[in-house]
Structure formats: C-alpha cells, structure tokens
Amino acid sequence: MEKNHWWPRRKFEEFIAPASDGSKASLFWLFVIATAFLVSVLIAGLFWRGSTNAMNYGTFVGGILGPGLTFITFMALLITIVLQQTELADTRKELAASAKALEDQHVSLDRQNFETTFFQMLTLHNNIVNSIDLEWRNRKPTTIDATLDNLTRRAVGRDCFKQFFSNYTDYYEESGELEEKERLQKAYNKFWDWRQQDLAHYYRYLYNVLRFVYDYKGISDKLRYVKLLRAQLSDYELIMLFYTALNKNGLNYWRYIHEYEIFDNLPPSMLINPGHKELYSEKSFGEPKKENEYANIWPPSKLAEIHENARKRAANKRP
C-alpha cells in the first residue's frame with residue numbers, strides 16, 4: 001500500500017517523475033522556473049542599480065544567479081537520472097515480457113512436438129493391432145458334432161485377444177496345484193511359446209508408448225494422454241496385459257500400470273481368479289473411485305435441469 005507522504009515530498013516526486021507518455025515535462029517546467037528566476041533577478045537588479053554602483057550590481061547578480069543556476073543544474077541532472085532509471089525499468093519489463101513470451105512459445109512448441117509424436121505412435125499402435133491375424137481350431141471339444149469343432153476359425157485385430165485369453169486360461173487350468181506365482185509363470189511360459197510371434201511386437205510397442213509418455217519432460221498432465229490410449233484397449237487387451245505384466249518378462253509394465261491407472265476400465269469379473277486383483281495396487285484400478293453425486297438421479301432430463309440451473313447461478317455471480 002502506498003504511503004501518504006507529506007505535501008512537499010509528494011510535490012517533489014510529482015515534479016521529478018517523467019510523464020506517462022514519455023515526454024520531458026519535468027525538464028520543461030524546470031526551464032520555465034529557471035527563465036522566470038533569471039528574469040526576476042534581472043528586474044530586481046535594475047531597481048537595485050538605481051541606488052548603487054555597477055560593482056555592487058554585478059556582485060548582486062552574480063551572487064544570486066550563481067547558486068540559483070547551480071541548483072537548477074543539479075535538479076536537471078537529478079531529473080535526467082530519474083528518466084534514465086525509468087527507461088531502464090521499462091526496458092527490464094519489456095525484456096521480462098519477451099522472455100515470458102519465449103518461454104510460453106517454447107512450452108507450446110514442446111507440447112506440440114509431444115502430441116505429434118504421441119498421436120503418431122498411437123496410430124502405429126493401432127496399425128499393429130489391426131495387423132494381427134489369427135487362425136485356430138478348438139483344442140477342446142465344445143459341441144457334440146466333432147466336425148464343427150475341427151473347423152478352422154479366424155479372427156483379426158482386437159478380436160484375436162479373446163482367443164489369446166482363452167488360450168492362456170487353458171494353460172493356467174492345466175498348470176495344476178502350484179504356488180500362485182509359479183502357476184501364473186508356468187501358464188504364461190507355455191502361452192508365450194505358442195503366441196510370441198503374434199504378440200511380441202504388440203507388447204514391445206505398447207511398452208514404448210507408455211515409456212515415451214512417462215519419460216517426456218515438460219508435460220505435467222500426462223494422464224489425459226494415457227487415457228486416450230487406455231480407452232482404445234479392449235477388455236480382452238486389458239485382461240491379457242494384466243497377466244502379461246505378472247510374468248518375469250513383463251514386470252517393467254508395473255510402473256506405468258500404477259502411475260496411469262491402466263486397469264481402471266478392466267471388469268474384475270474377467271479375472272481367472274478374483275484374488276489376482278490383489279497382485280496390483282489399488283491405484284492401478286483407479287481406486288478409490290470418486291463418488292458420483294448424480295449417480296442416483298434419473299431420468300437424464302433432471303440431470304440436464306440441474307446442469308442448467310448451475311450454469312445460470314454461475315452466470316449471475318460474474319461481475
């Protein structure tokens with residue numbers, strides 16, 4: 001808060017302060033004062049001359065003008081210094097504004113580069129998924145008609161992951177009564193020996209997409225981008241990632257699964273064993289879930305009415 005200085009100081013500061021438009025207003029008024037002072041001295045000297053000799057007149061004028069002009073010169077120097085300080089302050093402000101603009105531009109370009117790379121990687125990931133082409137026959141009879149069981153079936157893209165999970169589940173059930181860690185690893189080893197050529201590229205690239213986001217500097221809201229990737233993963237992709245990241249060759253996934261809540265959309269009912277959920281952190285499943293205050297309001301027309309009322313209240317609070 002600005003102090004309320006006494007009147008002489010306020011007037012002095014107003015006098016030496018440069019005008020806001022950059023003009024030399026103070027120097028002009030100093031010139032006016034100096035001229036008025038000089039004229040006053042000369043006029044007074046003329047009246048003095050009539051009553052004294054020339055020597056006394058010169059002494060009078062010199063004695064008055066010397067200190068007066070020296071003081072005026074000092075004031076002019078002081079005002080010049082103030083003007084220079086003001087110009088330097090304005091220059092510093094402009095440099096700071098330029099630096100801020102350059103920083104904002106750098107941040108914007110950095111985000112643009114990140115987004116360009118991320119969405120290109122996302123597109124390539126989808127191309128890898130779409131390139132998966134699977135053919136199989138049932139390993140176990142499912143119908144009375146054996147002829148139908150021997151028919152070759154085919155799936156493309158994300159549809160293949162349903163069959164991958166079926167294969168893994170079969171190996172898990174065949175692993176017998178082992179400690180859970182050994183049972184999961186044994187089942188995955190058999191599954192991977194069979195399906196490695198179909199899935200190795202998929203999991204390597206998915207891992208590198210997540211690592212790219214995690215390691216990128218300068219982006220704070222990374223979760224919003226991973227959510228775009230997460231939303232493209234089908235339930236069967238998520239369940240296969242769940243069990244892939246439990247085997248010794250997929251453990252490096254845990255950091256990204258935990259950090260970005262990868263299993264937030266995974267239905268727990270799909271797990272082979274409900275107890276397997278405890279093998280990951282709660283955050284991996286997006287827990288604890290935020291309570292939806294509108295979850296019990298129905299029909300949607302009431303939700304729309306609440307939304308519009310809230311919007312009107314917010315509009316009325318604006319100045």
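1. Contact here means that heavy atoms lie within 4.5 Å of each other. In this predicted model, and leaving aside neighbours within four places in sequence, Lys-222 is in contact with Val-213, Tyr-214, Asp-215, Tyr-216 and Tyr-260. Lys-222 itself is placed in the loop between helix 6 and helix 7.

2. What is the nearest side chain of opposite charge to Lys-222, and how far away is it? It is that of Asp-215, at 6.7 Å, and Lys-222 is buried yet has no salt bridge. The cut-off explains this result, because a salt bridge requires a side-chain nitrogen of Lys or Arg within 4 Å of a carboxyl oxygen of Asp or Glu.

3. Turning to the overall layout, the secondary structure of the chain comes to 10 helices and two strands, and from the N terminus on the elements run in the order α-α-α-β-α-β-α-α-α-α-α-α. Of the 319 residues, 30% count as buried, while the chain exposes about 21600 Å², of which carbon and sulfur atoms supply 57%. Among contacts with a separation of 6 or more, 65% come from residues 24 or more positions apart.

4. The largest nonpolar core has 56 residues, and those with the most contacts inside it are Phe-164, Tyr-202, Tyr-203, Met-240, Tyr-253, Ile-262 and Phe-263. Several elements each supply at least two residues of this core, including helix 3 (54-131), strand 1 (133-136), helix 5 (160-174) and helix 7 (223-232). Helix 6 gives the most to this core, with 15 residues. As a general point, nonpolar side chains in soluble globular proteins tend to be buried together.

5. Phe-164 offers a way to look into this core, since not counting residues up to four places away in sequence, Phe-164 touches Ile-132, Leu-134, Phe-191, Arg-195, Asp-198, Leu-199 and Met-240. The list therefore includes charged residues as well, because Arg counts as positive and Asp as negative.

6. Is helix 8 mostly covered or mostly open? Helix 8 is mostly covered, as eight of its 10 residues are buried. These buried residues are Glu-237, Leu-238, Ile-239, Met-240, Leu-241, Phe-242, Tyr-243 and Thr-244.

7. Glu-237 deserves a separate remark, for the side chains of Arg-158 and Glu-237 meet in a salt bridge, with 2.5 Å from N to O. Arg-158 lies in the loop between strand 2 (153-156) and helix 5, and Glu-237 in helix 8, so the pair ties together parts that are 79 residues apart in sequence. The two partners differ in cover: Glu-237 is buried, with a relative accessible area of 1%, whereas Arg-158, at 24% relative accessibility, counts as partly exposed.

8. A further salt bridge joins Arg-230 and Asp-264, whose closest N and O atoms are 3.6 Å apart. This pair links distant parts of the chain, with Arg-230 in helix 7 and Asp-264 in the loop between helix 9 and helix 10 (300-317), 34 residues apart. Arg-230 counts as buried at 7% relative accessibility, while Asp-264 counts as partly exposed at 23%.

9. The count comes to eight salt bridges. Another of them is formed by Glu-287 and Lys-277, at 2.9 Å from N to O; both residues are in the loop between helix 9 and helix 10, 10 residues apart. Glu-287 is partly exposed at 28% relative accessibility, and Lys-277 is partly exposed at 21%. Finally, Arg-111, Asp-221 and Arg-224 are linked in a network of salt bridges.

Notes
Residues numbered from 1 in each chain as written. Predicted model: local features only at pLDDT ≥ 70, side-chain atom pairs only at ≥ 80, totals over all residues. Heavy atoms only, no water. Helix = DSSP H or I, 4+ residues; strand = E, 2+ residues; numbered from the N terminus. Buried < 20%, exposed > 50% of the residue type's maximum accessible area, 1.4 Å probe, protein only. Areas by Shrake-Rupley, 256 points an atom, 1.4 Å probe, with all protein chains shown as cover. Core = buried A, V, L, I, M, F, W, Y, C linked by side-chain atoms within 4.5 Å.
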